[in-house]
Amino acid sequence: MARKYKLGVLGLGEGRSIMSAALQSENWELVEICDLSETLCQKRIEEFKGEWSNPLYTVSYEEMLSNSDVEVIGIYTPDQLHAKHIKMALEAGKHVICTKPLMISLDDANLLLDVQRRTSGVVFVGQSSRYFEPALQQRKDFLEGRHGELATIETHYISDSRWFLNKDWSRCSGFSWMYNFMIHAVDLAVWYLPQIEDVYGVGFTSENTLEYNLSVPDTFKFILKDKNGKCASVSGVYAEPTLGSDVEQSISCTIRGTKGISRAGYPKLKYYTNFEPIQKTAQLHDYNDKHEYYFRFEAENHHAGEYQNYIDDFALCLNKGEIPKPDLKEGIRTLAVMEAMNESVNSGKVIKVSDVLNRRNIVIN
Ligand SMILES: NC(=O)c1ccc[n+]([C@@H]2O[C@H](COP(=O)([O-])OP(=O)(O)OC[C@H]3O[C@@H](n4cnc5c(N)ncnc54)[C@H](O)[C@@H]3O)[C@@H](O)[C@H]2O)c1
């Protein structure tokens, strides 16, 4: 049997999902958890006591990093702390699984690339929406060529997420709807068009966000074009009422190709395709039988099945001597696309991703 990777989890809000994933995996052993809140550490230990035979917690990240049994750190702290916590993990000789967004800007990109070169730890970005069942099926169909030549991509992430602004750190400098939320839609677009070069878009800050004393845009529409002229449209709306996910999936990715089309989304476990022989109406593939696998806790606001899929994929890649993706370089390139998006909103101009990378002296090829 393949060996088990030993995990330490930092941040126990969303970190709860990777705890569940590790405890249910043949590839992982949960060794230690850490949160500044001792009450939350104890709550998680109580919650998983039936599954976790040797529970261990600490309120000190340094202490968890000094535990030589821990090989991989799962980082689920507020967005603004990711760069610092990744650096600390790499310097302690650990591999890293970091939730999205990898970072809140490119400011620390070269620093992390440098630390990674020195330490050779693996950094994997937990872009969860790549790992939802319909997204996995869509990727498989794409790689099998069922769409023919890719013509265009449409992605969105639309959700009324004003509830998120009740978190203290979401109203602090460094939080933005774009980096925290829209990154899911951007990541899906660049997964299929990895060489995005030209970026144009508009953004708008509604009264609903201003009410929280935040002045970051909450509504966006973008066109991203790659070096071969293929384009994606990417949109996001975060502080306005929605139609609800029965009518409009929160996250959606449509791939249009010369031979077929598909649409995958979240949170409904539905996948639509129209491949050759083309029909008048798309075929629905319903994966609702996997609902309990993906959504293990109350409601649908934690989605541990995606974390299960990505940590098992991480382990499989390491076993094969491959680097799990998206890695640090891919994550940084996605952030460069997002910096270009921000710049386009502010300037009203088309922005080149290569100019963003050159200006910051970031070399990732
Ligand atoms: N789909 C997804 O992948 C997904 C979904 C939700 C949240 N997230 C990401 O997960 C991260 C956490 O979000 P959340 O909703 O759980 O936030 P949260 O505020 O509920 O949890 C963050 C936790 O980190 C702890 N923490 C902060 N600094 C710490 C430190 N120095 N040492 C130890 N613990 C520390 C806090 O005490 C808190 O319990 C964010 O980056 C968010 O973007 C990802």
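**View 1. The open sheet of nine strands in this predicted model**. The strands follow the order E14-E13-E12-E11-E7-E10-E9-E8-E15, and their pairing is mixed; two strands pair if DSSP finds at least two bridges between them, and strands (E, at least two residues) and helices (H or I, at least four) are DSSP runs numbered from the N terminus. At the edges stand strand E14 (283–286) and strand E15 (351–352), each with a single partner strand, so one side of each is left without a neighbour in the sheet.

**View 2. Helix H11 against the sheet**. Helix H11 (residues 328–347) packs on the sheet and touches strand E8 (196–204), strand E9 (219–226) and E15, where contact means heavy atoms within 4.5 Å. The direction of H11 makes about 50 degrees with that of E8; axes are lines fitted to C-alpha atoms, for helices over the stretch in contact, and angles run from 0 to 180 degrees between N-to-C directions.

**View 3. The pairing of strands E7 and E10**. Strand E7 (residues 150–158) runs parallel to strand E10 (residues 231–237), with seven bridges in their pairing. Thr155 stands opposite Val234 in E10.

**View 4. The setting of these close-ups in the protein chain**. The secondary structure comes to twelve helices and 15 strands. Buried residues, those under 20% relative accessible area (exposed is over 50%, partly exposed in between; 1.4 Å probe, protein chains only), make up 55% of the 365 residues.

**Notes.** Residues are numbered from 1 along each chain as its sequence is written, and side-chain values use heavy atoms, without hydrogens and water. In this predicted model, local features need pLDDT of at least 70 and side-chain atom pairs count only at pLDDT 80 or more, whereas totals for chains, interfaces and linings use all residues.
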